[in-house]
Amino acid sequence: LIFADLDTVLKRLPKIEKKAQLKVDESINEEYRLLTLIHQTLMDNEPIRSLKLSEAEEKIIRSYGFLTLKPMLYVCNIAEEDWLSGSLSAHAEAVFAYALEQNAQAMTISAKIESELSTLDEEDKLEMLDSMGVKQSGLDTLIQNAYTMLALRTFFTAGEKEVRAWTFQSGMRAPQCAGVIHTDFERGFIRAETIAYQDFIDAGSLNVARERGKMRSEGKQYVVQDGDILLFRFNI
């Protein structure tokens with residue numbers, strides 16, 4: 001990954017070097033400064049994420065799609081008793097320390113426990129987790145951590161035929177989320193009827209939630225929240 005990013009930098013630097021030396025274009029100057037810094041970092045065998053760039057700096061180099069700038073999550077397989085107690089082995093501690101240096105994240109999982117859980121139905125799985133004193137499996141935690149790192153969220157659609165979960169980017173507005181289902185939904189978006197996940201759980205059903213006034217009609221500027229249950233109205 002470092003070699004791939006280095007190749008990208010080496011192709012770009014010579015093209016902007018002369019312009020940067022003339023110091024007539026501030027944006028080129030800043031790009032050249034960043035790429036020079038990145039070049040040295042990669043030559044030191046360090047990923048770009050270790051630089052801990054500012055949001056403005058990341059925006060300048062976003063178009064390059066650098067691989068070592070992408071989020072990284074290290075998953076340590078540890079002993080069953082260590083996972084249950086929250087302890088870290090010496091090896092896991094070393095990985096966590098390395099992740100911190102690299103501006104990455106780390107977590108633990110017990111492959112033995114996950115293997116046992118995979119053979120059980122949902123009821124038995126929950127019973128086993130409860131007996132161990134934990135709320136969710138390591139696999140569920142891994143999925144949640146990955147979603148958080150990538151700023152991903154989930155909304156639901158519920159109809160007579162099926163209920164589906166859809167993944168969207170945090171900060172997306174209602175029309176963009178409609179487009180996740182189909183581009184026509186976004187193009188002809190009128191409004192979104194939505195119920196917050198917790199309101200639905202408290203009510204027990206969509207009808208009861210609607211009777212309690214928890215169903216809202218949201219327009220194009222509504223920022224969809226994680227867990228929203230949405231019904232899109234559109235016309236094309």
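Lys and Arg are counted as positive and Asp and Glu as negative, while His and the chain ends are not counted; the place of a charge is taken as NZ of Lys, CZ of Arg, CG of Asp or CD of Glu. The structure is a predicted model, in which local features need pLDDT of at least 70 and side-chain atom pairs count only at pLDDT 80 or more, whereas totals for chains, interfaces and linings use all residues. Residues are numbered from 1 along each chain as its sequence is written, and side-chain values use heavy atoms, with hydrogens and water left out.

**Exercise 1. Charge and overall form**

Task: Count the charged side chains of the chain and state how far apart the centres of the two sets lie; then decide whether the chain is more spread out than a compact globule.

Solution: The chain carries 27 positive and 37 negative side chains, and the centres of these two sets are 11 Å apart. Turning to form, the secondary structure comprises 12 helices and 7 strands, where helices (H or I, at least four residues) and strands (E, at least two) are DSSP runs numbered from the N terminus. The radius of gyration is 24 Å, well over the 18 Å that the globule rule gives for 236 residues, so the chain is more spread out than a compact globule; the radius is taken over C-alpha atoms, and the rule is 2.2 Å times the number of residues to the power 0.38. Along the principal axes, the C-alpha atoms fill a box of roughly 70 × 55 × 25 Å.

**Exercise 2. Helix α2 and its surroundings**

Task: Compare the span of α2 with the expected value, and find what its buried residues pack against.

Solution: The expected span of a helix is 1.5 Å times one less than its number of residues. With 18 residues, α2 reaches 26 Å from its first C-alpha to its last, close to the 26 Å expected. Its buried residues (under 20% relative accessible area; exposed is over 50%, partly exposed in between, with a 1.4 Å probe and protein chains only) are Ile28, Asn29, Glu31, Leu34, Leu35, Ile38, Thr41 and Leu42. These buried residues pack against α1 and α3 (55–61), a contact being heavy atoms within 4.5 Å. In helix α1, leucine 10 is partly exposed, with a relative accessible area of 44%, and its C-alpha lies 7.8 Å from that of histidine 39, although the two are 29 residues apart in sequence.

**Exercise 3. Positive phi values**

Task: Locate lysine 23 and alanine 151, and give the phi of lysine 23 and of alanine 151.

Solution: Lysine 23 is found in the loop between α1 (2–22) and α2 (26–43), and has a positive phi of about 55 degrees although it is not a glycine; at 65% relative accessibility, lysine 23 counts as exposed. Alanine 151 is found in the loop between α8 and β3 (152–158), and its phi, near 55 degrees, is likewise positive in a residue other than glycine. Alanine 151 is partly exposed, at 27% relative accessible area. A further case is asparagine 45, which follows α2 and has a positive phi near 65 degrees.

**Exercise 4. Threonine 108**

Task: Is threonine 108 buried or exposed, and which residues is it in contact with, leaving aside its neighbours within four places in sequence?

Solution: Threonine 108 is placed in strand β2 (residues 105–109) and, at 18% relative accessibility, counts as buried. Leaving aside those sequence neighbours, threonine 108 is in contact with Cys76, Ile78, Trp83, Leu88 and Phe96.
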